[in-house]
Amino acid sequence: MVSESHAPALLTVQNLEKRYGSRRRLGDFLTGKQAGFLHALKGVSLHVNEGEIVGVVGESGCGKSTLGKCIVGLQRPSDGTVIWSDGRSMDQFSRFERSTRIQMVFQDPYSSLNPRFTIGRLLKEALATHVPASNKGDLAAEVDRLLGIVGLPLSLKQKFPYALSGGQRQRVSIARALAVNPQLIIADEPVSALDASVQAQIINLFEEIRHKLRVAFLFVAHDLNVVKRVSDRVLVMYLGEIVEEGSKDDIFSRPRHPYTRALLSAIPIADPSVRNPSAILEGELPDPHETIAGCAFSSRCPYVTERCRQNHPELTPVSGTQRARCIRLAEI
Ligand SMILES: Nc1ncnc2c1ncn2[C@@H]1O[C@H](COP(=O)(O)OP(=O)(O)OP(=O)(O)O)[C@@H](O)[C@H]1O
Ligand SMILES: [Mg+2]
C-alpha cells in the first residue's frame, strides 16, 4: 500500500510466514496421516507509520495474534522480516532493545499482571528495566506520571490487581507498556473482555495516548465497531493472509473483497427494527492444515468461479490506498 507520508514507516513487515508443527492425533495414526504443518501466516506484508493506528480484523484463527507475537518477538517467524524505521531487521535487536520499541497489551490484563505485586511495584519494576540505576530515585515520580497518563488515581499504587476493576487493570497494563516509552504498541483484543461502557473509555485512552505521545498501534480486534472507531487504516485477514487493506473509509465505505463485505454485513446493528443482512458468511472455515491451491475464501465466497479455485490471487491495487486479493474485483 502507498504510504501517505514520505518518511520511512516506523515498522515494515515483509512476507512474514509462520508454520506451526502439528502433532499427529490418534486418528491420524490409524489413517496413516503424517504430522503436518499449520500455516498460520502466509506471506504477510504491512507497514505501520509513526503515530498511526492500524486495525487488524478477521475471524478467530486467522492469525491475528500470531502476527502480533511474531512482530513483538514472542514467536519466531518461519520466514520473512520485520524491519524497524532505521532500516535494521529486528533480528539484529536484542530482546531488550526490541522491548523498548514495541510493547504488547493483551486481552486479559489479569493474567498478565503479577497478582503478588502492588500496582506501584508492578510499574516500578517495568520502569526499572529502562531507567538507568543512577536515576532510580526518579522512579516514584515516574510511576505517578504513568498513572496520570492512563487516568488512574495515585491511591491505587498500594492496591493489588485483584482489587481493581477490569477497566482499571487494563489501564495498569497500558501504563506498564508505556513505562519503556515504546513507539509501537501491539494491542491484541485489548477491550474484548470489558463491558461496552468501559470499552469506550479504554478506546478513548488509546486515542489520547496516540495524540499525546505519538505512539503507533497495531490494534487487533474481532469487533468491527471497535476497529472502525480507532483505526486510521485497516487490514482484513483470512486464513493467514491479508485479503484486503485500506484506509478506514475504504474498508467501511467501499469494501471490495467479498470477505470484507461479508464481515461488514455481519456487524450487529443497534436498531432492533433493522434486519441484519448477514446472509453471506456461511459455512465453516477450511481446515487450516490443508493447503489451498486457489483463493482461500473460495469455499465460502458467493462469487466463486472455477478460476478462483485454481488460482491464488495477489493483492491488487484498487486505489492509491486500497488493495484487495480477489481476481473478480472488476466484475463484483
Ligand atoms: N502455539 C501454537 N501452536 C500451534 N498452532 C497454533 C499456535 N498458536 C496458534 N496456532 C494456530 O494458528 C492459527 C492462528 O492462530 P491465532 O491465535 O494467531 O489466531 P487469531 O486470529 O488470533 O484468533 P483469535 O481471534 O481466536 O484470537 C490457528 O489455527 C491456531 O490454532
Ligand atoms: Mg488472537
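At 28% relative accessibility, Arg88 falls in the partly exposed class, and this residue makes a handy way into the salt bridges of what is a predicted model. Its partner is Glu97, with the two side chains meeting at 3.8 Å, N to O. That distance makes the cut because a salt bridge calls for a side-chain nitrogen of Lys or Arg within 4 Å of a carboxyl oxygen of Asp or Glu. Glu97 has 25% relative accessibility, so Glu97 also counts as partly exposed. The pairing doesn't stand alone, either: Asp86 joins Arg88 and Glu97 in a network of salt bridges.

Searching the whole structure turns up 16 salt bridges. One of them pairs Glu52 with Arg233, at 2.7 Å from N to O. Here the contact links distant parts of the chain, 181 residues apart. Glu52 sits in the loop between strand S2 (37-48) and strand S3 (53-57), while Arg233 belongs to strand S8 (residues 233-238). As for accessibility, Glu52 and Arg233 are both buried.

Then there's the bridge between the side chains of Glu59 and Arg300, at 3.0 Å, N to O. Glu59 is found in the loop between S3 and helix H2 (64-72), and Arg300 in the loop between helix H11 (258-265) and helix H12 (306-310), so this pair ties together parts 241 residues apart in sequence. Both of these residues, Glu59 and Arg300, are buried as well. In general terms, oppositely charged side chains can pair when their charged atoms come close.

How values were computed
Residues numbered from 1 in each chain as written. Chains lettered and ligands numbered in written order. Predicted model: local features only at pLDDT ≥ 70, side-chain atom pairs only at ≥ 80, totals over all residues. Heavy atoms only, no water. Helix = DSSP H or I, 4+ residues; strand = E, 2+ residues; numbered from the N terminus. Buried < 20%, exposed > 50% of the residue type's maximum accessible area, 1.4 Å probe, protein only.
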